[in-house]
Amino acid sequence: MSTNMAKSNQYDNEDTVKQKTLQYAARLGDDSLILGHRLSEWTSNGPFLEEDIAMGNVALDYVGRARMFYTYAAELAGNGKTEDDFAYLRDERQFQNYLLLELPRGDFAFTIVRQLFVDVYNDYFLTELKNSNDPEIAAIATKSHKETRYHLRRTRDWTLRLGIGTDESKAKMTKALNDIWGYTHELFEPDALEIELIELGVAVDPRLFKEKWLHDVQTIIHEAELEMPDADWAVRGGRNGFHTEHLSMLLTVMQSVHRAHPGASW
Amino acid sequence: MSTEQLELFEVFIRSSRGLDHKHVGSLHAEDHAHAVDYARDCYTRRNEGVSIWVVKSSDICSSQEDDAPEFFDPSDDKPYRHATYYPLPKEVGNM
């Protein structure tokens, strides 16, 4: 092999890694935006004013996180696209968020149980992502991890209050645990693209902390005097762009203003 | 859940440049720990503080408005209670 050819291969590889990193950043943006939007649906619907504001803060943390990931993805794309193109001008099949995150907000117990699974996951995930050898992704992780530490504190607190609370709150928490459990599995199943980025030190391998996640979740659930769900079904597909029927409705609402008034700013 | 099942707390925040905690408002919460969290979310979102105190509103004992005349009016005509009432000797200079 001539030196020139070796060089051109190397450039090709750099380009491929860039494309894959772009997709990874966009996925993490999708995860953040879709969950942030679901949480924002509590605004003005919270159980009382203080919680309404607190939940709004969490929603904003996620939307802010999405902006950082999308901005980076747009920068990698280098074709003049912006964060808004990612958020507002893609269709359902192009979103690659986990299904868990797009499920309707449900009742307050449902929202808290989803946050419990997600916050414990993100605590480990972001701890690892801070070590990504992509400096931009590592920086986003560092900023986000502090937010997640606070989210987890809130979620743990609410899980205990609702689990130990009344018969009604306990029943609602139990139902939520069983309704959501089957959606948690795909969080620990990296696809080919992610495995390649894991090997390159860019992405996080969630399989490494699955046991710890399970242990932490179990500890909080038992502390809350609730039972671990034992449903044996699993739903997956988010990372391939196969979604539940709920995502298209969410996107229709979320993207309606931008699509009706392209480029509008305020 | 409604606020009737919750307790009222008064919130005090110390800003990064201040030495004292200042009263900023009140909020509803289930207990003290809960109140500190909500104070963080309701009163420090724009970087207002570096420390939070919460006190149950029911634990605050306050003066009554009806008592104001005998509480506060008598000090109106006692300027000698202010340091500025006394001329300083020249040797002291500016304090």
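Two residues are in contact if their C-beta atoms, placed from the backbone, lie within 7 Å. The model used in these exercises is predicted.

**Exercise 1. The sheet of chain B**

Describe how the strands of chain B are arranged, and find which strands stand at the edges.

Solution.

Step 1. Take the order of the strands. Chain B has an open sheet of 3 strands, ordered E2-E1-E3, with antiparallel pairing.

Step 2. Find the edges. Strand E2 (22-29) and strand E3 (51-56) of chain B each have a single partner strand, so one side of each has no neighbour in the sheet. The average twist from one strand to the next is 30°.

Step 3. Go through the pairings. Strand E1 (residues 7-14) of chain B is joined to E2(B) by 7 bridges, and the two run antiparallel. E1(B) also pairs with E3(B), over 6 bridges and again in the antiparallel sense.

Step 4. Place single residues. Glu7(B) has Ala29(B) as its bridge partner in E2(B). Phe12(B) stands opposite His23(B) in E2(B), and its bridge partner in E3(B) is Trp53(B).

**Exercise 2. A helix on the sheet**

Which strands of chain B does helix H1 lie across, and at what angle does H1 run to E2(B)?

Solution.

Step 1. Helix H1 (residues 32-43) of chain B lies across E1, E2 and E3 of chain B.

Step 2. Relative to E2(B), helix H1 of chain B runs at about 120°.

**Exercise 3. Helix H5 against helix H7**

Classify the packing of H5(A) with H7(A) from the angle between their axes, then list the residues of the contact.

Solution.

Step 1. Take the geometry. The axes of helix H5 (residues 108-129) and helix H7 (residues 167-180), both of chain A, come within 8 Å and cross at roughly 50°.

Step 2. Classify. An angle between 35 and 65 degrees counts as oblique, and H5(A) is therefore oblique to H7(A). The crossing is right-handed.

Step 3. List the residues. H5(A) brings Ala109(A), Phe110(A), Val113(A), Arg114(A) and Phe117(A) to the contact, while H7(A) brings Ser169(A), Lys172(A), Met173(A), Ala176(A), Leu177(A), Asp179(A) and Ile180(A).

Step 4. Sort them. The contact of H5(A) with H7(A) has 8 nonpolar residues, 1 polar and 3 charged.

**Exercise 4. Helix H5 against helix H9**

Describe helix H9 of chain A, then treat its packing with H5(A) in the manner of the previous exercise.

Solution.

Step 1. Take the helix by itself. Helix H9 (residues 210-223) of chain A has 14 residues and reaches 20 Å from its first C-alpha to its last, close to the 20 Å expected at 1.5 Å a residue. Just after H9(A), Glu225(A) has a positive phi of about 60°.

Step 2. Take the packing. H5(A) and H9(A) pack at about 140°, and their axes are 10 Å apart. Only angles over 145 degrees count as roughly antiparallel, so H5(A) is oblique to H9(A). H5(A) passes H9(A) in a right-handed crossing.

Step 3. List and sort. From H5(A), Leu116(A), Phe117(A), Val120(A), Tyr121(A) and Tyr124(A) meet Lys212(A), Trp213(A), Asp216(A), Val217(A) and Ile220(A) of H9(A). These divide into 8 nonpolar, no polar and 2 charged.

**Exercise 5. Where the chains touch**

How many residues does the contact take from chain A and from chain B, and which helix gives the most on the side of chain A?

Solution.

Step 1. The contact takes 7 residues from chain A and 11 residues from chain B.

Step 2. On the side of chain A that touches chain B, helix H2 (residues 49-77) of chain A gives the most, with 4 residues.

Step 3. That side of chain A divides into 4 nonpolar, 1 polar and 2 charged residues.

Key:
Residues are numbered from 1 along each chain as its sequence is written. Chains are lettered from A and ligands numbered from 1 in the order in which they are written. This is a predicted model: local features need pLDDT of at least 70, side-chain atom pairs count only at pLDDT 80 or more; totals for chains, interfaces and linings use all residues. Axes are lines fitted to C-alpha atoms, for helices over the stretch in contact, and angles run from 0 to 180 degrees between N-to-C directions. Angles under 35 degrees count as roughly parallel, over 145 as roughly antiparallel, 65 to 115 as roughly perpendicular and the rest as oblique. A crossing is left-handed if the near helix is turned anticlockwise from the far one by less than a right angle, and right-handed if clockwise. Ala, Val, Leu, Ile, Met, Phe, Trp, Tyr, Cys and Pro count as nonpolar, Asp, Glu, Lys and Arg as charged, and the others, Gly among them, as polar. Two strands pair if DSSP finds at least two bridges between them. The expected span of a helix is 1.5 Å times one less than its number of residues.
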